[in-house]
Amino acid sequence: MTKRASDVSASPPRRRSKYTLAPLVLIAANVVLFSLFFVWPAVIGLVYSFTNYTGVGAFRFVGLDNYQNLFGDSIFYDALGRTLLYAVLVVPLNFALSLLIANLVVSKQAKGATVARVVFFIPWLISPIVVGVLWRWLFGENFGLINYVIEQLGGDPIAWQSNADLSLGVVVMAGAWWGTAFSMLLFIAAIKNVPTSYYEAASLDGAGPWRQFVSITLPSIAPTSFIVILLNTINAMKEYPLFLALNNGGPGTSNNLLVQYIYQTGFKTGQIGYASAASFVLMLILMAVAIIQLIVNRRMENR
Amino acid sequence: MTTTEAPRKIDADSARALPGKRSRRASRGSLRGAVSATTLLWILAALYGLPVLWFVLSSFKPAGDLFSLPLTVLPHNPTLSGYEAAWDSANFSQYFVNTALVCVVTTVLTVGASCCTGYALAKYDNKWLKFFFLCILATTMLPSEVMLAPEFLVVRDLGLYNSFGGIILPAVLTATGCFMFRQFFLTVPDELVEAARIDGARELSIFLRIMVPISRPIMLTLAILSFQWRWNDYIWPLLMLNDPDKFTVQIGIQSLVGAQNINWSVLLGGSVISMIPLIAVFLVFQRYVMSADINAGLKD
């Protein structure tokens, strides 16, 4: 790549492109890392997805067999469906919570915002594994604080662990709780960049706080909203440690997500080729999500 | 937006400027607004803080008291036995040293590589630099969790299996880091570079002598982010490391969770210990994270 590139930059005698060596030296480390750990895996992953490779020894090309098996595999569909459901639940929840909190934190009305901001930040510092442990401790069916409080209030203990949907619900709460801080940080920066004159003009026109939020804040921070939703969707689609520590993808295998599926087929049963095919399907989904969001974002901006 | 709404809906900020009755009414409204905003903020803060508080308080309970009813918020006989058990039994001290080593080395490399790349992307104008920028952005679409199997094979073929190098090197390139530095160097005026060139400075020494020193705040922000990412990494170290002496803290904790009968006393102690370094780093450097305009940021 670099060889071809330097030819291109050398041929037209443009003023700024006389500096070739310096930028090349500066990006060299990342170019090497990019080729080693992104290009190379992507290429061999694509090749292996058409083979029956198991990680060692010889392999032969099996055409589209892996993909065909994948689309006939009900476990894969379950994992895919569960992953999408998780993303559909956790992304809006995270979005709403972090936007609300960011607004409260920057508003001059709320007292103690500096301290509260640190509190909101603490969950983000905890690793997904420990977040899983923490929520498992909180929502334990027989020993958790939540069920204890429910019982004290006269209710029946809730099957947070043995009911698949409730179990997913706990992970959604945990995921939103963990991810709020980062989204909040982005929103705070965006909200602070909205010119105050907009709000002054609007309040002179008699717009209340809610109206100001809908008509000024939301449109002004639209690019940030886009990034927050995109990043959170990608993160939700590849979630694994949180599930692992919270309920081990359970009860049973009901909450096994895509990355767990890839991990298990690739490393537990050694079907590298098959796992690579699943990886590519996941990658295509991620790209589709990104492109759809990009298109929606463009539409909204042009409106 | 319309002027048809009644004046009582006027917002507190603008009402302050208006004289008489109206302003008094509005200031009462703003008091109500302040009270409700503060209440809402602190209810939410409680929702975010209490799980952590309960977790930490529980970790001070002796193993026998963890499940004894009625559950109490404060431990009756606070003890550090869970911590001691975790520290000794699960080889935690070794895990800590390993994780700290990996985090520090990766963070230094990430900051260095990102600073160089970000500067090149911001201050040089070449077709292939633009192409490389697109490549870096594309890596966010291709997280290592997705390329698990092939990336494992690559690292294995490089001879890095079961070594810290196998965890460190694939994690050095991050889109977020390059992006943050690029955005920062775009705000540095080109005249600064031009002036140095006229003075006869060479390209790389302009970078090292002028640009690196002024980018210190970004370095610190990225360092904290990178430290957080690497401290919390789980899947990749798990795949790469085979030797229990090289395990990281997260693997150690997950092995406690994965046990047939979870020893909650040890698990709580170990988990809380694992949280301490990041929270300490954050509290010391929080203004670099809080004020960071990582708006263009992409998360790793």
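The largest nonpolar core in this predicted model has 170 residues. Ala278(A) and Tyr119(B) have the most contacts inside that core. Helix 8 of chain A, residues 164-192, gives the core its largest share, 17 residues. In chain B, domain 1 (1-49) and domain 2 (92-296) both contribute residues, so the core lies between these two domains.

**Ala278(A) in the core**
- Ala278(A) is one of the two residues named for the most contacts inside the largest nonpolar core.
- Neighbours within four places in sequence aside, Ala278(A) is in contact with five residues of its chain: Leu70(A), Phe76(A), Tyr261(A), Ile262(A) and Thr265(A).

**Contact between the chains**
- Chain A puts 94 residues into the contact, and chain B puts in 87.
- On the side of chain B that touches chain A, helix 2 of chain B (residues 21-59) supplies the largest share, 16 residues.
- That side of chain B comprises 57 nonpolar, 19 polar and eleven charged residues.

**Ala29(A), a residue that touches chain B**
- Ala29(A) sits in helix 2 of chain A, which spans residues 21-48.
- Ala29(A) counts as partly exposed because it has 17 C-beta neighbours inside 10 Å, whereas a buried residue needs 20 or more.
- Beyond its neighbours within four places in sequence, Ala29(A) is in contact with Ala113(B) and Cys116(B).
- Pro92(A) is 63 residues away from Ala29(A) along the chain, and their C-alpha atoms are separated by 38 Å.

**Fold of chain A**
- Chain A has 14 helices and zero strands.
- Its pattern along the sequence is therefore written with α alone: α-α-α-α-α-α-α-α-α-α-α-α-α-α.
- The radius of gyration of chain A is 24 Å, while a compact globule of 303 residues would have one near 19 Å.
- Along the principal axes, the C-alpha atoms of chain A fill a box of roughly 65 × 65 × 35 Å.
- Of the 303 residues in chain A, 45% are buried.
- Take the contacts in chain A between residues at least 6 apart in sequence: 67% of them join residues at least 24 apart.

**Fold of chain B**
- Chain B also comes to 14 helices and zero strands.
- From the N terminus on, its elements run α-α-α-α-α-α-α-α-α-α-α-α-α-α.
- Buried residues account for 45% of the 300 residues of chain B.
- For contacts in chain B between residues at least 6 apart in sequence, 72% join residues at least 24 apart.

**Confidence**
- The model has an ipTM of 0.82 and a pTM of 0.83.
- The mean pLDDT of chain B is 81, and 86% of its residues score at least 70.
- Within chain B, confidence is highest in helix 4 (residues 92-123), at a mean of 92.
- Confidence in chain B is lowest in helix 1 (residues 12-15), at a mean of 42.
- Residues 1-25 of chain B have pLDDT below 50, and this stretch has 35 contacts in the model beyond near neighbours in sequence.
- Residues 295-300 of chain B also have pLDDT below 50, with 22 contacts beyond near neighbours in sequence.
- Predicted coordinates should not be read in detail where pLDDT is low.

Key: Residues are numbered from 1 along each chain as its sequence is written. Chains are lettered from A and ligands numbered from 1 in the order in which they are written. This is a predicted model: local features need pLDDT of at least 70, side-chain atom pairs count only at pLDDT 80 or more; totals for chains, interfaces and linings use all residues. A nonpolar core is a set of buried Ala, Val, Leu, Ile, Met, Phe, Trp, Tyr and Cys residues joined through C-beta atoms within 7 Å. A residue is buried if 20 or more other C-beta atoms lie within 10 Å of its own, exposed if 12 or fewer, and partly exposed in between; C-beta atoms are placed from the backbone. Helices (H or I, at least four residues) and strands (E, at least two) are DSSP runs, numbered from the N terminus. Domain bounds come from an automatic or database domain assignment. Two residues are in contact if their C-beta atoms, placed from the backbone, lie within 7 Å. Ala, Val, Leu, Ile, Met, Phe, Trp, Tyr, Cys and Pro count as nonpolar, Asp, Glu, Lys and Arg as charged, and the others, Gly among them, as polar. The radius of gyration is taken over C-alpha atoms; the globule rule is 2.2 Å times the number of residues to the power 0.38. pLDDT is the predictor's confidence in each residue, from 0 to 100.
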